[in-house]
Amino acid sequence: MKDDDFFPYVSIIVPVFNESNNLGECLNSLVCQDYPKNRYEVIVVDNGSTDDSVSIAKKFTDKVFIKEEVKVGGVRNFGAKKAKGEILAFIDGDCVASEKWLSKAVEFLSHEMIGGVGGGYLLRDRPSWVERGWKLSSAKETRRVKALAGGSFILKKVLFEELGGFNEIINAGEDTKLSVDITDKGLELWFLAECYVVHLGYPETLKGFFKRQFWHASSYLKSNYGFKDKVFLTVILFLISMASLFIFLFTGFSVALWGSVFVIFCPLAFFINQIKSQGLKEVPMESLFFSLVLSFVYYLGRAGGFVNSIFRER
């Protein structure tokens with residue numbers, strides 16, 4: 001058995017905004033890690049919650065800070081500045097980690113070419129139809145990936161500081177931006193089976209799902225990785241195709257009808273990619289139908305958010 005001092009010191013950083021319904025479960029999973037208790041700290045950074053998030057956080061850790069009027073990237077970076085650890089482990093306040101989340105991540109990060117590790121999202125118990133349609137599979141596997149999610153993102157502090165941390169300007173996608181920065185250095189990103197987290201904060205309604213996608217697309221113009229993002233490019237194609245459809249409907253111009261085919265093709269391609277990436281093992285047919293519906297709503301939300309951001313920037 002290793003002496004505790006041989007374990008790298010880890011700082012777990014939890015950004016929070018109005019997460020009173022989920023935060024207790026999240027923090028309980030963090031204090032129950034199988035990693036030596038004297039070799040990690042839990043830092044909670046609240047973004048100006050109006051609920052009981054801060055008081056809940058103080059039941060689990062004395063390292064609770066307030067950082068208002070910044071984007072989520074700024075909240076994460078503030079926590080990193082307060083961190084003592086040589087490894088930074090980011091998890092969202094609506095996510096629940098397995099007890100080996102930290103130990104397996106630290107073990108894997110010892111490999112020289114690994115820039116960061118994390119895991120995908122799993123569904124909570126008794127999910128809504130929207131959640132089941134969005135997250136088809138609950139399979140956990142260790143594999144190399146192109147990007148990590150902010151809800152489970154672990155890396156060395158020296159690399160984090162070298163890259164300048166998370167982007168603080170954009171509303172969403174700061175995790176993808178940092179992932180691109182890491183892989184641009186020739187380093188690898190990996191999902192680990194033990195680092196998947198249960199996501200309690202998925203939208204439960206169609207309206208909530210649309211609003212989430214609208215919000216995610218609101219920073220496309222501010223991000224400098226947009227044209228590296230294939231989804232962003234297909235959103236542009238979807239918008240152009242929508243414009244063609246309206247031209248056909250109002251003018252009867254037949255060429256415009258051909259240009260509108262991507263209104264259907266883009267969501268269908270996205271739906272197929274969802275199936276390819278998540279697999280079909282033990283997925284009920286009704287969930288596939290839900291997923292197809294959500295693929296169309298996804299593009300409507302993303303397109304709407306992007307157009308809104310264009311007018312907001314003017």
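Is Ser 277 buried, partly exposed or exposed, and at what relative accessibility?

1. Ser 277 counts as partly exposed, because its relative accessibility is 40%, and partly exposed covers the range between under 20% and over 50%. The model is predicted. Ser 277 belongs to helix 11, residues 262-278. Its C-alpha atom is separated by 22 Å from that of Phe 210. Along the chain, Ser 277 and Phe 210 are 67 residues apart.

2. Ser 128 counts as buried, because its relative accessibility is 16% and the cut-off is under 20%. Ser 128 sits in the loop between strand 7 (121-123) and helix 5 (129-134). Leaving aside residues up to four places away in sequence, Ser 128 touches Pro 203 and Glu 204.

3. Strand 7 also takes part in an open sheet of three strands. The order is 5-11-7, and the pairing is mixed. Strand 5 (95-97) and strand 7 stand at the edges with a single partner strand each, so one side of each has no neighbour in the sheet. From one strand to the next, the twist averages 40°.

4. Strand 7 and strand 11 (residues 197-199) run parallel and are joined by three bridges. Tyr 121 stands opposite Val 197 of strand 11.

5. Helix 3 (residues 72-82) is mostly covered, with eight of its eleven residues buried. Among the buried residues are Arg 76, Asn 77 and Phe 78. Gly 73, Gly 74 and Gly 79 are buried too. The buried residues of helix 3 pack against strand 1 (10-16), strand 2 (40-46), strand 3 (64-66) and strand 4 (87-90). They also pack against helix 6 (157-162) and helix 7 (174-183).

Methods: Residues numbered from 1 in each chain as written. Predicted model: local features only at pLDDT ≥ 70, side-chain atom pairs only at ≥ 80, totals over all residues. Heavy atoms only, no water. Buried < 20%, exposed > 50% of the residue type's maximum accessible area, 1.4 Å probe, protein only. Helix = DSSP H or I, 4+ residues; strand = E, 2+ residues; numbered from the N terminus. Contact = heavy atoms within 4.5 Å. Pairing = 2+ DSSP bridges. Axes fitted to C-alpha atoms, helices over the stretch in contact; angles between N-to-C directions.
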